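Student: Please take a close look at one part of this structure, a single position along the chain, and then set that position against its surroundings. I would like the cut-offs behind each term as you go.

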Amino acid sequence: MSLRDRILEDLKDAMRAKDDTRVSTLRLIQAAIKDRDIAARAEDRCEGCCVNEIQAILQKLLKQREESAETYEKAGRLDLAERERAEAEIVRSYLPEPMKPGEIADAAKSVVSELDADGLKDMGRCMATLKERYTGRMDFAKAGQEVKTLLQGQA
């Protein structure tokens, strides 16, 4: 079952179970995917967005939920922070297992050596390759630090 189908089936199940938080979160995910599908059709990709794009959407939604939860917590609105964290867990359940720091370092080393990168000028190429291969699994802020450290060591 594709990720898109799994989200739709889970939405139906949540509606039957009257799980309001899950229903609203899954509808939000579907709306974001549909918006990306419309953009893809404008680019003459009639099949819509691919799995990597859906995972990127999910990562973005997860990051938004986590940032919102922190903001609400700082403002003393623990009820809203708790709701955001619950939504984040729902979104996280559709993402693959995140990479551990050691795996990120290994992936960064292999891409840098594979692309024959020899300075910070190659940072963009390295990050683009990492995003192409590991969307949905990798924390690109940490990967960027790792790649930057590797490239500065070679310069």
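Tutor: Relative accessible area is sorted here into three classes, with buried meaning under 20%, exposed over 50%, and partly exposed in between (1.4 Å probe, protein chains only). Because its relative accessibility is 25%, Gln-30 counts as partly exposed. The model is a predicted one, in which local features need pLDDT of at least 70 and side-chain atom pairs count only at pLDDT 80 or more, while totals for chains, interfaces and linings use all residues. Residues are numbered from 1 along each chain as its sequence is written, and side-chain values use heavy atoms, with hydrogens and water left out.

Gln-30 sits in helix α2, where helices (H or I, at least four residues) and strands (E, at least two) are DSSP runs numbered from the N terminus. When its neighbours within four places in sequence are set aside, Gln-30 is in contact (heavy atoms within 4.5 Å) with Ile-7, Leu-8 and Leu-11. Lys-100, by contrast, is separated from Gln-30 by 70 residues in sequence and by 28 Å in space, C-alpha to C-alpha.

One of those partners, Ile-7, leads on to the largest nonpolar core, a nonpolar core being a set of buried Ala, Val, Leu, Ile, Met, Phe, Trp, Tyr and Cys residues joined through side-chain atoms within 4.5 Å. This core has 19 residues, among which Ile-7, Leu-26, Ile-29, Ile-33, Leu-58 and Tyr-94 touch the most other members. Two or more core residues come from each of α1 (3-17), α2 (20-42), α3 (51-74) and α4 (78-92), and α3 contributes the most, with five residues. Leu-26, again without its neighbours within four places in sequence, is in contact with Ile-7, Asp-10, Leu-11, Ala-14, Ile-90 and Tyr-94. A second, separate core holds 17 residues, including Ala-108, Met-138, Val-147 and Leu-151. In soluble globular proteins, nonpolar side chains tend to be buried together.

A charged residue can be buried too: Arg-65, which lies in helix α3, has a relative accessible area of 11% and so counts as buried. Beyond its neighbours within four places in sequence, Arg-65 is in contact with Leu-28, Glu-84, Glu-87 and Ala-88.

The cysteines need the cut-off for a disulfide, which is a pair of cysteine sulfur atoms within 2.5 Å; the structure holds zero of these. The sulfur of Cys-49 is 6.9 Å from the closest cysteine sulfur, in Cys-50, and this is too far for a bond. Cys-49 is buried, at 6% relative accessible area, whereas Cys-50 is partly exposed, at 38%.

As for the whole protein, there are seven helices and zero strands, and the C-alpha trace spans about 55 × 45 × 25 Å along its principal axes. Buried residues make up 35% of the 155 residues, and among contacts with a separation of 6 or more, 58% join residues 24 or more positions apart. The protein exposes about 9,600 Å², of which carbon and sulfur atoms supply 50%, with accessible areas taken from the Shrake-Rupley method with a 1.4 Å probe and, for residues, only the protein chains shown counting as cover.
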